[in-house]
Amino acid sequence: MSKQLKYLIIHCTATPDGRKVTSDDIRRWHLSPQPEGRGWSRVGYTDMIHLDGRVERLAPNNEDDQVDSWEITNGAAGVNGVSRHIVYVGGIDRFMRPKDTRTISQFNALKKYVRDFVKRFPFVKVAGHNQFYTKSCPSFNVPLWLRQIGLNEKNIYETK
Ligand SMILES: [Zn+2]
C-alpha cells in the first residue's frame, strides 16, 4: 500500500551542540526494546545530516512521490504515512535546552536538501516536527527559516 507524499518534516536528534551521532546510535535509540530504546519497528528518519554536512541514508526509499509502506519512518505519529523525515545532528545546548546548533555545513546541506526535494516534488509542504506536536524539535522556526532561504510560499507548511 502506498500514499501520496505530502510533507517533508525536519527534526533534530536532540543531542548537545557538537556531539557526533552515528546511524547505529539512531537505530539503537529507536529500535531497541524499551526502556533502552523506543521499541519502534522503523527508525524515525529517512536521512540524517551529520555535523560536517554529510547526508546519510537511514532507511530505504525509491525516491518517487508515493510513500510505500516499506518506506515509512516513525518521525511523527499520525502523518508518517504521507511524510519524509529528515534529521540534523544536534538541537540542544549542553544544559539540554533547545538550541539551533546547525553548523554552517549542516545549514547548507539542509538548504540544498529542502530545495532539491521541492524541485522534485513541487506539491510537498515542508514543516518542523514542532508544527505537528508540542515539542521543541527541530529547535528553530521552520517556516521563518524557509522564507529566509527563499523557498516558495506554496511549499511552506503553516500551522493553523
Ligand atoms: Zn522530531
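**Group meeting: a walk through the core, the sheet and the loops**

Let me begin in the middle, where the largest nonpolar core has 32 residues, and where Leu-8, Met-48, Val-126 and Val-142 are those with the most contacts inside it. By a nonpolar core I mean a set of buried Ala, Val, Leu, Ile, Met, Phe, Trp, Tyr and Cys residues joined through C-beta atoms within 7 Å. At least two residues of this core come from each of strand E2 (7-12), strand E4 (47-49), strand E7 (83-88), helix H2 (104-120), E9 and H3, and E2 gives the most, with five residues.

Before going on, I should say that this is a predicted model, in which local features need pLDDT of at least 70 and side-chain atom pairs count only at pLDDT 80 or more, while totals for chains, interfaces and linings use all residues. Residues are numbered from 1 along each chain as its sequence is written.

A few terms will come back. Helices (H or I, at least four residues) and strands (E, at least two) are DSSP runs, numbered from the N terminus. A residue is called buried if 20 or more other C-beta atoms lie within 10 Å of its own, exposed if 12 or fewer, and partly exposed in between, with the C-beta atoms placed from the backbone.

Now to the sheet, which is open and is formed by five strands in the order E5-E4-E7-E2-E9, with mixed pairing; two strands pair if DSSP finds at least two bridges between them. Strand E5 (55-57) and E9 stand at the edges with a single partner strand each, so one side of each is left without a neighbour in the sheet.

How many bridges join E2 to E7? There are six, and the two strands run parallel, while E2 and E9 also pair in the parallel sense, over four bridges. Tyr-7 shows both pairings, since this residue stands opposite Ser-83 in E7 and opposite Lys-125 in E9. Leu-8, which we met in the core, stands opposite Val-126 in E9.

As a general point, the side chains in a regular strand alternate between the two faces of the sheet. In E2, Tyr-7, Ile-9 and His-11 point one way and Leu-8, Ile-10 and Cys-12 the other way, and all are buried. With six of its six residues buried, E2 is therefore largely enclosed by the rest of the structure.

Let me turn to H2, whose 17 residues should span 24 Å at 1.5 Å a residue, and whose end C-alpha atoms are 24 Å apart, which agrees; the expected span is 1.5 Å times one less than the number of residues. Which residues of H2 are buried? They are Gln-106, Ala-109, Leu-110, Val-114 and Val-118. Seen down the axis of H2, the buried residues fall within an arc of 155 degrees, so they line one face of the helix, the arc being that of the directions from the helix axis to the C-beta atoms. E2, E4, E5, E7 and E9 are among what covers these buried residues, whereas on the other side of H2, Ile-104, Asp-116, Lys-119 and Arg-120 are exposed.

Next, the stretch leading into H3. Phe-140 is found in the loop between strand E9 (125-128) and helix H3 (142-148), and Phe-140 counts as buried because 20 C-beta neighbours lie inside 10 Å. Leaving aside neighbours within four places in sequence, Phe-140 is in contact with Asp-100 and Trp-145, where contact means that the C-beta atoms, placed from the backbone, lie within 7 Å. Val-142, for its part, touches Ile-10, Val-126, Ala-127, Gly-128 and Gln-131, not counting residues up to four places away in sequence.

Pro-138 is found in that loop between E9 and H3 as well, and the peptide bond from Cys-137 to Pro-138 is cis, with omega near 10 degrees. Another cis peptide bond joins Gln-34 and Pro-35, with omega about 5 degrees, and Pro-35 has its place in the loop between helix H1 (23-31) and E4.

I will finish with backbone angles. Most residues other than glycine have a negative phi, and most peptide bonds are trans. Ala-14, in the loop between E2 and strand E3 (15-16), has a positive phi, near 55 degrees, and counts as partly exposed because 19 C-beta neighbours lie inside 10 Å. Met-96, in the loop between strand E8 (91-92) and H2, has a positive phi near 70 degrees, and with 10 C-beta neighbours inside 10 Å, Met-96 counts as exposed.

Technical notes: Two residues are in contact if their C-beta atoms, placed from the backbone, lie within 7 Å.
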